[in-house]
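Here are my notes on the helix packing, as promised. Have a look at the model first, then read on.

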Amino acid sequence: MKTFALISAASALIIAGTVAYAQPAPPPAAGPGPRDRAPMTRADLDSLTDARIAAIQAGLKLTPAQQALWAPVEQALRASAASRAELMEKRRERDPSAARPDFMQRLEQRSEWASKNAASATGLATAMKPFWASLDDRQKRLLPILMRPASGMRGHHARSRGDRQHGMKQGQRAPAPQAQ
């Protein structure tokens, strides 16, 4: 009889635990989310650009000779940041009640943005070439990491769909689950 009572009690505990585990999680506490805060101003973006440029310089520990080659790179980075800020301001100024652009207008906008991005990348590459040649191996290893946008600043155009955050390289896929 004792064995039956023990088995019954253990079964009841297992069932209760399973039922408790299957309950939906409570909704998260209401709090300010990213959409609830005020949009970033141009001054905010300029401050973040200053901080990012200072972080790159500090991380590389530039020599005086490299510091002289850094100035054109810094100018190119600031120009690129200013271009992004202007685009953001244009998007904010758009009238939300205005008709959505048609396919051809969107295609022309994308073409214009791609041309601006290409010009920005070309300017950075041109400025970077002599600076890159002056870097030692440690600095060359760190520079791409330091110039990578912070995860919070990537926006919806991030190239990695979260893969990098989980230790996977760009383009690498998670292994398929093994059949058991």
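1. In which hand, left or right, does H2 pass H5? The crossing is right-handed, meaning the near helix is turned clockwise from the far one by less than a right angle (anticlockwise would be left-handed).

2. A word on the source: this is a predicted model, where local features need pLDDT of at least 70, side-chain atom pairs count only at pLDDT 80 or more, and totals for chains, interfaces and linings use all residues. Residues are numbered from 1 along each chain as its sequence is written, and side-chain values use heavy atoms, with hydrogens and water left out.

3. Back to H2 and H5 (residues 137-147): their axes come within 9 Å and cross at roughly 160°. The two helices are therefore roughly antiparallel (angles over 145 degrees).

4. Who touches whom here? H2 brings Arg52, Ala55, Ile56, Gly59 and Leu60, while H5 brings Arg138, Gln139, Leu142, Leu143, Leu146 and Met147 (contact is heavy atoms within 4.5 Å). By class, that's seven nonpolar, two polar and two charged residues (Ala, Val, Leu, Ile, Met, Phe, Trp, Tyr, Cys and Pro are nonpolar; Asp, Glu, Lys and Arg charged; the others, Gly among them, polar).

5. H2 (residues 42-60) also meets H3 (residues 64-93), with axes that come within 10 Å and cross at roughly 155°. That makes H2 roughly antiparallel to H3, and this crossing is right-handed.

6. On the H2 side, the contact with H3 includes Leu45, Ile53 and Ile56; from H3, Trp70, Leu77 and Met88 are among the partners. The class split is nine nonpolar, three polar and eight charged residues.

Terms used
Axes are lines fitted to C-alpha atoms, for helices over the stretch in contact, and angles run from 0 to 180 degrees between N-to-C directions. Helices (H or I, at least four residues) and strands (E, at least two) are DSSP runs, numbered from the N terminus. Angles under 35 degrees count as roughly parallel, over 145 as roughly antiparallel, 65 to 115 as roughly perpendicular and the rest as oblique.
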